[in-house]
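Here is a quick walk through one model, with an eye on how its rings, a helix and its core fit together. Have a look at the structure first.

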Amino acid sequence: MRRRLSTYHLFTVLLLCARIISSSSFTAPKSKHHNHRRKSAINVEPSVIGGIVVATGATAAWWIGGAKDRENRANYAEYEALQRERESLAFVQPKDEWLEEELSAYNGENNESGPILLAVKGDVFNVWKGRNFYGPGAEYHIMAGRDATRFLAKNKLEEETGEEKKIELNIAERANLEVWYWTIKNKYQFVGNLSGYEPKSTEM
């Protein structure tokens, strides 16, 4: 792993620079009578010292300002890697047609990291990204691993009785279903069609 200069180390370097500068003296030119003496002080123009201070300050500001950006990039890279791992674990091979009985194996109860399938208007979606909505114990878990069409149309989270299932959806329920369908379609992965779906049962 590549080692990075920490902010602490940077300020240590700046402190050393400050000590070197403070130890330097600004001496006026000596007369020719003192030329034979060994110089013991560093003769540096004040403008040069000022330039060093400005440059050092600019470097410190650049490093401190960029530290947050570097941290954000590192966090985002970690998040992306985690998302790829989750997507891999929740992958299910798409196929042309699914039986509703097959969907029940993908309700999220057998594998907490696996795929979660549900059907809406004859389309089957992998809604693993919405695990907090459709996973075990979540609000909409009743829809997972099955055809959720009538639940969504009626905005109900309870099982229908046999008699209720025989009643066709009314125009308001079909309109409501259309909104839900496009919301799910735009958010989750399509993985196939539901066998036996009757388009006339939901069309406007």
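How many aromatic pairs does the count come to? The count is 9 aromatic pairs, and bear in mind that this is a predicted model.

## Aromatic pairs

Take F125 and F190 to begin with. Their ring centres sit 6.2 Å apart with the planes at 70 degrees, so this pair is edge-to-face. The pair ties together distant parts of the chain: F125 belongs to strand 3 and F190 to strand 4 (residues 189-194), 65 residues apart. F125 is buried, at 0% relative accessible area, whereas F190 is partly exposed, at 39%.

Y181 and W182 make another edge-to-face pair, with ring centres 5.4 Å apart and planes at 80 degrees. Here Y181 is buried, with a relative accessible area of 9%, while W182 is partly exposed at 41%. Then there's a cluster: ring pairs join F133, Y134, Y140, W180 and Y188.

## Helix 7

Helix 7 covers residues 171-187, 17 residues in all. From first C-alpha to last it reaches 25 Å, close to the 24 Å expected at 1.5 Å a residue. At its N-terminal end, N170 acts as the cap, with a side-chain oxygen 3.1 Å from the backbone nitrogen of A172.

Which residues of helix 7 are buried? They are E173, R174, L177, Y181 and I184. These residues span an arc of only 90 degrees around the axis, which puts them on the same side of the helix. The face turned away from that side carries the exposed residues I171, A172, V179 and N186.

What does the buried side pack against? Its partners are strand 2 (117-120), strand 3 (123-126), helix 4 (131-134) and helix 5 (149-154).

## The cores

In soluble globular proteins, nonpolar side chains tend to be buried together. In this model, the largest nonpolar core has 18 residues, and L118, V120, Y134, M143 and I184 have the most contacts inside it. Strand 2, helix 5 and helix 7 each contribute at least two residues to this core.

V120 is a handy place to zoom in. Leaving out residues up to four places away in sequence, V120 touches F125, D147, T149, L152, L177, Y181 and I184. Of the names in that list, L177, Y181 and I184 are also among the buried residues of helix 7. Separate from the largest core is a second one of 8 residues, including V92, L117, V191 and L194.

Methods. Residues are numbered from 1 along each chain as its sequence is written. Side-chain values use heavy atoms; hydrogens and water are left out. Helices (H or I, at least four residues) and strands (E, at least two) are DSSP runs, numbered from the N terminus. The expected span of a helix is 1.5 Å times one less than its number of residues. Buried means under 20% relative accessible area, exposed over 50%, partly exposed in between (1.4 Å probe, protein chains only). The arc is that of the directions from the helix axis to the C-beta atoms. Contact means heavy atoms within 4.5 Å. A polar contact is a pair of N or O atoms within 3.5 Å; within protein, one must be able to donate a hydrogen and the other to accept it, and residues adjacent in sequence count only if both atoms are side-chain atoms. A nonpolar core is a set of buried Ala, Val, Leu, Ile, Met, Phe, Trp, Tyr and Cys residues joined through side-chain atoms within 4.5 Å. Rings of Phe, Tyr and Trp (its six-membered ring) pair if their centres lie within 6.5 Å; planes under 30 degrees apart count as stacked, over 60 as edge-to-face and the rest as tilted.
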